[in-house]
Amino acid sequence: MYKEGKARIKQGKAFLNPRARFLRDISVAFIADKSTKKTKILDATAATGIRGIRYYLETNAKHITMLDMNRSAFRSAVQNSAANKVKADIISTSLQEFANTTKERFDFIDVDPFGGIAPYVYDAMKVSKDGTYLMLTSTDGAVLCGAHASACMKIYGAKPMHNELCQEAGIRIMIGFVAGVAAQFNYGIEVLLSVWDAHYMRVFLRLKHGSAAALAAVKSNGYLHYCRKCGFRRYENGFIANVSPCKECGSPTDTAGRLWLGSLYQKNEKENLLKHFREDYEGISAIKMINEEYDVPFFYSIPIMTKIMHIQSVSPNEVIRKLKEKGFEATRTQFDASGIKTNADFRTLKECIKD
Ligand SMILES: C[S@@+](CC[C@H](N)C(=O)[O-])C[C@H]1O[C@@H](n2cnc3c(N)ncnc32)[C@H](O)[C@@H]1O
Ligand SMILES: [Zn+2]
């Protein structure tokens, strides 16, 4: 028997990864302060039913629908729901088939498939409404982060990065893709939380209906131009990439995109997370890191900068202190233990590293 939160789960033949606990805990926290007993949640890829069960037991939401197209997983979700005294609609079907036949619309939709989210987003839109929260997990890091660049171009319509910025670029490609699909349904997206760990990319979004919101969201997509020679980067919103040599050193740049260049977090959502977990919670340092992160596109890897600058290694915390002394924002980032995010210009950053 696997215990997690208030749920007691028998795995049987369904998939269950204890490593994903952190993301499930965050999802419970995310829903907890937004739900009432009328809230409708769709756990679209239920497996053992652990998410739907936890949402029922640990939030106010009492209208839970679980789907799984795998027959053994469906049976497991039924048995686990009964054992946990959870009343839910559990359906042995795919999200795609369900979305084409139901008239229901959901307040929260959780999609947690094997691999990437691309085949699910279009159908998730069909069961959404204005204000729906989408909670989406991708585990196709190799695709989004550039190890399989051609798969990323094929599936997400975006060119990935394959360097130290690849994880952040990957999560931004994933969000940019959702913005594009949502726009087809006349929804814009607001990004409320983004979480990356070694295996998972999870984003929490809210849909906003209307063509202005949809257009604004797709206009938040664009390109990252990165110079491997000197570390300078430039990003630009828009549909057409203006590729040019690096403004600092004249070398050719590497371009990724289209990808999301808007915020990855909303401040109040980060603060809510922090309030929800106690100091002794296992994932508290990751939550604190997310809470602290200055929300601008793309971090600087300090070891890579010092290598490029041919100087000895320096501690990221020292660079942060220097930047703050000069009046800039500067923080660590969840995407790289030795990376920093800042609003300082490139030359000031280099001066602070040199100092
Ligand atoms: C990674 S597991 C889900 C794990 C679960 N959410 C958890 O937290 O433990 C993915 C599940 O999605 C199911 N699945 C895959 N494609 C699906 C689809 N199109 N519609 C519904 N379920 C699907 C699989 O059968 C599998 O049980
Ligand atoms: Zn350069």
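Before I show you anything, let me fix one term: a residue is called buried if 20 or more other C-beta atoms lie within 10 Å of its own. With that in hand, take R172, which has 34 other C-beta atoms within 10 Å and is therefore buried. I should say at once that the model you have in front of you is a predicted one, and I will come back to R172 after a look at the whole chain.

Let me begin with the overall picture. The protein contains 14 helices and 15 strands, and its C-alpha atoms fill a box of roughly 60 × 45 × 35 Å when the box is taken along the principal axes. For 355 residues, a compact globule would have a radius of gyration near 20 Å, and the protein, with 21 Å, agrees with that. Of these 355 residues, 50% are buried. If we take the contacts with a separation of 6 or more, 63% of them are between residues 24 or more positions apart.

Now back to R172, which sits in helix α8, a helix that runs over residues 166-184. Which residues does R172 touch, if we leave out those up to four places away in sequence? They are L259 and W260. Those numbers bring us to strand β12, residues 254-260, in which R258 also lies. R258 deserves a moment of your attention, since the peptide bond that joins G257 to R258 is cis, with omega at about 0°.

Staying with α8, let us ask how it meets another helix. Two packed helices are described by the angle between their axes and the distance between the axes. For helix α5, residues 118-126, packing against α8, that angle is about 35° and the axes are 9 Å apart. The crossing is right-handed, and the residues that make the contact are A118, V121, Y122 and M125 on the α5 side, with F177, V178, V181 and A182 on the α8 side. Sorted by class, this contact has 8 nonpolar residues, no polar ones and no charged ones. V121 also gives us a link to R172: the two are 51 residues apart in sequence, and their C-alpha atoms are 15 Å apart in space.

The next helix to consider is α10, residues 267-276, which I will describe through two partners, beginning with α11, residues 284-292. The axes of α10 and α11 are 9 Å apart, and the two helices pack at an angle of about 155°. How should we describe their relative direction, parallel or antiparallel? With such an angle, α10 is roughly antiparallel to α11, because angles over 145 degrees count that way. Their crossing is left-handed. On one side of the contact we find K270, E271, L273 and L274 of α10, and on the other I287, I290 and N291 of α11. By class, there are 4 nonpolar residues, 1 polar residue and 2 charged residues in this contact.

The second partner is helix α1, residues 21-32, whose axis comes within 10 Å of that of α10 and crosses it at roughly 110°. This makes α1 roughly perpendicular to α10, and the crossing is right-handed. Here I26, A29 and A32 of α1 meet N272, L273 and H276 of α10, which gives, by class, 4 nonpolar, 2 polar and no charged residues. You may have noticed L273 in both lists: it takes part in the contact with α11, and it takes part in the contact with α1.

Let me turn to burial once more, with helix α2, residues 50-58. Since 7 of its 9 residues are buried, α2 is largely enclosed by the rest of the structure. The buried residues are I50, R51, G52, I53, R54, Y55 and Y56.

I will end with two residues in loops. K85, in the loop between α3 and β5, has a phi near 55°, a positive value in a residue other than glycine. H310, in the loop between α12 and α13, likewise has a positive phi, of about 55°, although it is not a glycine. Are these residues buried or exposed? K85 has 9 other C-beta atoms within 10 Å and is exposed, and H310, with 6 such atoms, is exposed as well. When you turn the structure, you could set these two beside R172, which is buried.

Key: Residues numbered from 1 in each chain as written. Chains lettered and ligands numbered in written order. Predicted model: local features only at pLDDT ≥ 70, side-chain atom pairs only at ≥ 80, totals over all residues. Helix = DSSP H or I, 4+ residues; strand = E, 2+ residues; numbered from the N terminus. Rg over C-alpha atoms; globule rule 2.2 N^0.38 Å. Buried ≥ 20, exposed ≤ 12 C-beta atoms within 10 Å, placed from the backbone. Contact = placed C-beta atoms within 7 Å. Axes fitted to C-alpha atoms, helices over the stretch in contact; angles between N-to-C directions. Parallel < 35°, antiparallel > 145°, perpendicular 65-115°, else oblique. Left-handed = near helix turned anticlockwise from the far one by under 90°. Nonpolar A, V, L, I, M, F, W, Y, C, P; charged D, E, K, R; others polar.
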